[in-house]
Amino acid sequence: MSNERGNVWLAVGGLVMQDGKVLVVKKTYGPTKGLWTLPMGFVNADETVDMAIVREVKEETGLDAKAESILALRTGVLRKGVSDNLLIMRLAYVGGEVERCEREIETIGWLTPDELIDSTETVEFLQTLMREVKGKEGLGEQNLTLNRDYGYSIFKMFV
């Protein structure tokens with residue numbers, strides 16, 4: 001992938017909430033395979049970050065959403081020398097029917113922030129984000145220690 005995207009990656013993730021629950025997915029591939037995470041993907045050269053996250057939510061879940069605001073940034077440097085950046089945006093749920101992208105998504109769910117915080121099947125950055133969304137901690141910039149090996153030499157989250 002570094003050949004396709006160069007050495008600086010920009011991805012977007014979307015926090016869609018409805019009735020106190022968060023739209024989450026389990027991917028079928030990569031380091032987050034089988035773990036609860038947000039719908040997300042890379043920004044294409046011909047789109048803005050808000051266009052990209054609306055597209056990714058639709059592609060992965062079949063749901064329509066509208067980008068509202070920037071929520072957080074997860075940034076890290078992979079050991080292989082790639083700057084990996086994920087911009088998390090808050091989105092408003094607009095509508096649509098759940099339709100899982102079978103190639104990329106194993107499961108789609110709506111879980112509460114507490115369920116995501118407490119689950120061993122939730123990626124660490126999402127657990128941290130949920131604590132912030134719930135207002136339990138004012139985290140600001142935080143170096144995160146990951147329990148799973150994602151290959152990062154530096155990993156921070158700004159909320």
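So, glutamate 47: it's buried, with a relative accessible area of 15%. This is a predicted model, by the way. Glutamate 47 sits in the loop between β4 and α2. What does its side chain hold on to? One polar atom of that side chain lies 2.9 Å from the backbone nitrogen of asparagine 44. Then there's a polar contact of 2.6 Å between the side chains of glutamate 47 and arginine 55. If you leave out residues up to four places away in sequence, glutamate 47 touches Phe42, Ala52 and Arg55.

Okay, on to the helix that follows that loop. α2 covers residues 49-61, so to speak, and has 13 residues. From its first C-alpha to its last, α2 reaches 18 Å, close to the 18 Å expected at 1.5 Å a residue. Which residues of α2 are buried? They're Ala52, Ile53, Glu56, Val57, Glu60 and Thr61. Look down the axis of α2 and those buried residues fall within an arc of 130°, so they line one face of the helix. And what does that face pack against? The buried residues of α2 pack against β1, β2, β4, β5, β6 and β7. For orientation on your screens, β2 is 21-27, β4 is 40-42 and β7 is 105-111. Right after α2 you get glycine 62, and its phi is positive, near 80°.

Now the strands, and I'll start with β6, residues 82-95. On one side of the pairing story there's β1, residues 8-18, which runs parallel to β6, with 10 bridges joining the two. If you want a spot to click on, valine 12 has leucine 87 in β6 as its bridge partner. Then there's β5, residues 64-78: that strand runs antiparallel to β6, and 13 bridges join them. Two pairs to look at here: lysine 66 stands opposite alanine 92 in β6, and isoleucine 70 has methionine 89 in β6 as its bridge partner. β5 and β6 form a hairpin, with three residues between them. Which residue in that turn has a positive phi? It's glycine 81, at about 85°.

Let me come back to buried glutamates, since there's another one in a loop. Glutamate 104 lies between β6 and β7, and it's buried too, with a relative accessible area of 12%. Its side chain makes a polar contact with the side chain of arginine 103, at 3.3 Å. What else does glutamate 104 touch, not counting residues up to four places away in sequence? The list is Lys26, Lys27, Thr28, Tyr29 and Glu60. Glu60 you've met already, among the buried residues of α2.

Last bit, the whole chain. There are four helices and nine strands. Going from the N terminus, the order is α-β-β-β-β-α-β-β-β-α-α-β-β. How much of the chain is buried? Buried residues make up 46% of the 159 residues. The accessible surface comes to about 8,100 Å², and 47% of that belongs to carbon and sulfur atoms. As for contacts, take the ones between residues at least 6 apart in sequence: 66% of those join residues at least 24 apart.

Terms used
Residues are numbered from 1 along each chain as its sequence is written. This is a predicted model: local features need pLDDT of at least 70, side-chain atom pairs count only at pLDDT 80 or more; totals for chains, interfaces and linings use all residues. Side-chain values use heavy atoms; hydrogens and water are left out. Buried means under 20% relative accessible area, exposed over 50%, partly exposed in between (1.4 Å probe, protein chains only). Contact means heavy atoms within 4.5 Å. Accessible areas come from the Shrake-Rupley method with a 1.4 Å probe; for residues, only the protein chains shown count as cover. Two strands pair if DSSP finds at least two bridges between them. The expected span of a helix is 1.5 Å times one less than its number of residues. The arc is that of the directions from the helix axis to the C-beta atoms. A polar contact is a pair of N or O atoms within 3.5 Å; within protein, one must be able to donate a hydrogen and the other to accept it, and residues adjacent in sequence count only if both atoms are side-chain atoms.
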